[in-house]
Amino acid sequence: MQTAPYKGVNITDWRGSFADGLAFCAIAHRHQPSKVPFDTLSADAESDRRRNFDLAFQALEESGVDRFLDTEDMLETYPKPDSKSIVLYVSQIYKCLHG
């Protein structure tokens, strides 16, 4: 799995695994390492989660991925974001980055 080497990222489902933004950051870092300073990230506080989503969504958008998710929506649904939205976005990421 692409996110296996990333500390704090263990994708086991489509909800909780993506709730703090670190999984999105790991995916974005694999493709845009200069845009996502993964080693400096945390998910302890809401401000950390906000930063994670902002960094990941911006880096992915710059890579050509349409932004289907919004930082505010992800924070409002913490710790259980909508799994269908996550699946749709991850599918779009894969399609854009792996053709």
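1. Which helix does Leu 75 lie in? Leu 75 lies in helix α3, and α3 covers residues 71–76. One thing to keep in mind while reading on: this is a predicted model.

2. Staying with Leu 75 for a moment, its relative accessibility is 11%, so it counts as buried, the cut-off being under 20%. Leaving aside residues up to four places away in sequence, Leu 75 touches Glu 46, Arg 49, Arg 50 and Phe 53. Two of these names, Glu 46 and Arg 50, come back below as salt-bridge partners. If you want a distance to check, Leu 75 and Leu 22 sit 13 Å apart in space, C-alpha to C-alpha, with their positions 53 residues apart in sequence.

3. Now the charges. How many salt bridges does the count come to? The count comes to four salt bridges. I'd look at Arg 50 before the others. The side chains of Arg 50 and Glu 72 meet at 2.4 Å, N to O. Arg 50 is in helix α2 and Glu 72 in helix α3, so this pair ties together parts that are 22 residues apart in sequence. Salt bridges with shared partners join Glu 46, Arg 50 and Glu 72 into one network.

4. The other link in that network is Arg 50 with Glu 46, where the closest N and O atoms are 3.7 Å apart. Why are these two separated by about one helical turn? Because Arg 50 and Glu 46 are four residues apart in helix α2. As for exposure, Arg 50 is partly exposed at 29% relative accessibility. Glu 46 is partly exposed too, with a relative accessible area of 43%, and Glu 72 counts as partly exposed at 37%.

5. A further salt bridge pairs Lys 35 with Glu 62, and here the closest N and O atoms are 3.1 Å apart. Lys 35 lies in the loop between α1 and α2 while Glu 62 belongs to helix α2, so the pair ties together parts that are 27 residues apart in sequence. Lys 35 has a relative accessible area of 39%, which makes it partly exposed. For Glu 62 the value is 42%, again partly exposed.

6. The loop that holds Lys 35 also holds Gln 32, between α1 (22–31) and α2. Is Gln 32 buried or exposed? Gln 32 counts as buried, at 18% relative accessibility, where the cut-off for buried is under 20%. Its contacts, not counting residues up to four places away in sequence, are Ala 59, Glu 62 and Ser 63. So Glu 62 turns up both as a contact of Gln 32 and as the salt-bridge partner of Lys 35.

7. Next, helix α1. Seven of its 10 residues are buried, so α1 is largely enclosed by the rest of the structure. Which residues of α1 are buried? They are Leu 22, Ala 23, Phe 24, Cys 25, Ala 26, Ile 27 and Ala 28. What covers them includes α2, α3 and α4 (83–98).

8. Ala 23 makes a handy example from that helix. Its relative accessible area is 1%, and it is buried. Outside the residues up to four places away in sequence, Ala 23 touches Thr 3, Val 9, Ile 11, Ser 17 and Phe 18. Ala 23 and Cys 96 are 73 residues apart in sequence, and their C-alpha atoms are 17 Å apart in space.

9. On the surface, there's a patch of negative charge to look at. Which residues gather in it? Asp 54, Asp 70, Asp 73 and Glu 76 do. Asp 54 has its place in helix α2 (residues 46–62), and at 37% relative accessibility it counts as partly exposed.

10. Last, a backbone detail for anyone checking omega angles. The peptide bond from Tyr 78 to Pro 79 is cis, with omega near 5°. Where is Pro 79? Pro 79 lies in the loop between α3 and α4.

Definitions and conventions:
Residues are numbered from 1 along each chain as its sequence is written. This is a predicted model: local features need pLDDT of at least 70, side-chain atom pairs count only at pLDDT 80 or more; totals for chains, interfaces and linings use all residues. Side-chain values use heavy atoms; hydrogens and water are left out. Patches are made of residues with over 30% relative accessible area and no salt bridge: like charges are joined within 9 Å, nonpolar side chains (Val, Leu, Ile, Met, Phe, Trp, Tyr) within 5 Å. Accessible areas come from the Shrake-Rupley method with a 1.4 Å probe; for residues, only the protein chains shown count as cover. Lys and Arg count as positive and Asp and Glu as negative; His and the chain ends are not counted. The place of a charge is taken as NZ of Lys, CZ of Arg, CG of Asp or CD of Glu. Buried means under 20% relative accessible area, exposed over 50%, partly exposed in between (1.4 Å probe, protein chains only). Contact means heavy atoms within 4.5 Å.
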